[in-house]
Amino acid sequence: MFCGDRKRPGWRAGVFWGLGLCALMMAAPAGAAAQGVLVPKFYHTVPLAKDGIHDPSDEALRLLQDPTRVLLNFPVDRLGEVDWMKTLDEGLIRPRGSVTGEGQPRVLDMDVLMKNTAEMPYVLFPHKAHTRWLACANCHSAIFVPKAGTNPINMAKVMTGQYCGVCHGKVAFTWILCERCHSIPHGSIPAWWK
Ligand code: HEC
Ligand code: HEC
Ligand code: HEC
């Protein structure tokens, strides 16, 4: 993983962030949680009765699908967590357009390139990947003003649950998977995960 990896030339920000990340992991969960950093939890490997959310003595628990069983054959990312975009692309799930099953989500195919990434590859924000599941009102305008470049996002905020971190690290893939957001190499900044 990150710790002590020196193979990426000219990548000071990466080394800085890598060291920060290692420190964070050593401090986790108590220290990191105290600073409000989202420590990823891997719910799909934990039975419902042991996830700390559901009441294990509740009879009705039997009616729910157990993630350790139903998510078993879904594609996973490099952390071993379910890769929900792949799951959707491969047609393994078909989310409803609404609670009643009526209507279709309004899919918007518009990427926003975010360049305020220091020595990291740029961030590509894909509206399409999001609007296949989420209505515009989930993000606009409580989380993001709908005007490219106007939202003062940085990693500290994402990691403590603001902006992208409202979902990423909670219900969508964690900030630890840098490469999924920082997907556009530029100048001398390499695609270091390849
Ligand atoms: C969920 C998406 C997402 C993930 C995952 C993510 N980032 Fe970011 N990152 C962003 C966004 C958005 C910005 C701000 C871009 C902008 O405003 O132009 C940003 C900005 C940054 C910046 C520049 C601003 C700052 O805070 O210094 C650095 C450095 C950075 N990220 C490093 C990382 C590293 C290292 C990782 C992996 C440990 C990572 N990021 C994972 C979305 C993400
Ligand atoms: C998951 C969150 C999310 C959802 C859902 C979402 N957006 Fe966005 N939207 C963003 C982000 C992030 C930006 C970029 C903001 C920035 O660059 O600071 C953006 C930017 C925009 C912009 C400005 C583009 C520009 O070039 O200035 C428009 C317009 C927009 N969104 C419309 C929509 C519409 C319409 C929908 C629903 C079909 C939608 N968005 C759904 C997060 C979202
Ligand atoms: C309202 C919730 C929400 C917010 C806010 C949000 N996302 Fe997402 N995002 C999701 C969900 C849900 C998925 C799909 C599930 C998954 O991949 O874990 C997703 C998927 C993605 C993907 C995956 C694309 C792929 O094809 O693999 C990228 C990239 C991404 N988000 C970047 C961002 C960035 C960058 C921001 C902030 C500028 C952001 N997201 C803000 C909910 C959100």
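What share of the 194 residues in the protein is buried? Buried residues make up 10%. Keep in mind that this is a predicted model, with an average pLDDT of 82 and 79% of the residues scoring at least 70. Here's a quick tour of the fold, the confidence, the three ligand shells and a few backbone oddities.

**Fold**
- The protein has seven helices and two strands.
- Going along the sequence, you'll meet them in the order α-α-α-α-β-β-α-α-α.
- If you look at contacts between residues at least 6 apart in sequence, 44% of them join residues at least 24 apart.

**Confidence**
- On average the protein gets a pLDDT of 82, but residues 1-20 sit below 50. That stretch has 18 contacts in the model beyond near neighbours in sequence.
- Residues 22-30 also stay under 50 in pLDDT, and here the model has seven contacts beyond four places in sequence.
- Helix 1 covers residues 12-27 and supplies at least two residues to the shell around ligand 1, while pLDDT is below 50 over residues 1-20 and under 50 over residues 22-30.

**Ligand 1**
- There are 24 residues around ligand 1, and Met114, Asn116, Asn154, Cys178 and Cys181 come nearest.
- Helix 1, helix 6 and helix 7 each chip in at least two residues of this shell.
- By class, the ligand 1 shell splits into 17 nonpolar, five polar and two charged residues.

**Ligand 2**
- Ligand 2 has 20 residues around it, with Cys136, Cys139, Pro146, Ala148 and Asn151 coming nearest.
- Strand 1 and helix 5 are the elements that give two or more residues to this shell.
- Helix 5 gives the most, with three residues.
- The class split around ligand 2 is ten nonpolar, eight polar and two charged.

**Ligand 3**
- Around ligand 3 you'll find 22 residues, of which Trp84, Met85, Cys164, Cys167 and Ala172 come nearest.
- Helix 4 (84-89), strand 2, helix 5 and helix 7 each supply at least two residues of the ligand 3 shell.
- Strand 2 gives the most here, with three residues.
- This shell divides into 18 nonpolar, three polar and one charged residue.

**Backbone oddities**
- The peptide bond from histidine 140 to serine 141 is cis, with omega near 0 degrees. Serine 141 belongs to the loop between helix 5 (127-131) and helix 6 (155-159).
- Alanine 118 isn't a glycine, yet its phi is positive, near 50 degrees. You'll spot this alanine in the loop between strand 1 (111-114) and strand 2 (123-126).
- Why does alanine 118 count as exposed? Because alanine 118 has 12 C-beta neighbours inside 10 Å, and the cut-off for exposed is 12 or fewer.
- Tyrosine 163 is another non-glycine residue with a positive phi, about 50 degrees. Its place is the loop between helix 6 and helix 7 (178-181).
- Tyrosine 163 has 18 other C-beta atoms within 10 Å, so this residue is partly exposed; the buried class would need 20 or more.

Note on methods. Residues numbered from 1 in each chain as written. Chains lettered and ligands numbered in written order. Predicted model: local features only at pLDDT ≥ 70, side-chain atom pairs only at ≥ 80, totals over all residues. Helix = DSSP H or I, 4+ residues; strand = E, 2+ residues; numbered from the N terminus. Near = placed C-beta within 6 Å. Nonpolar A, V, L, I, M, F, W, Y, C, P; charged D, E, K, R; others polar. pLDDT = per-residue confidence, 0-100. Contact = placed C-beta atoms within 7 Å.
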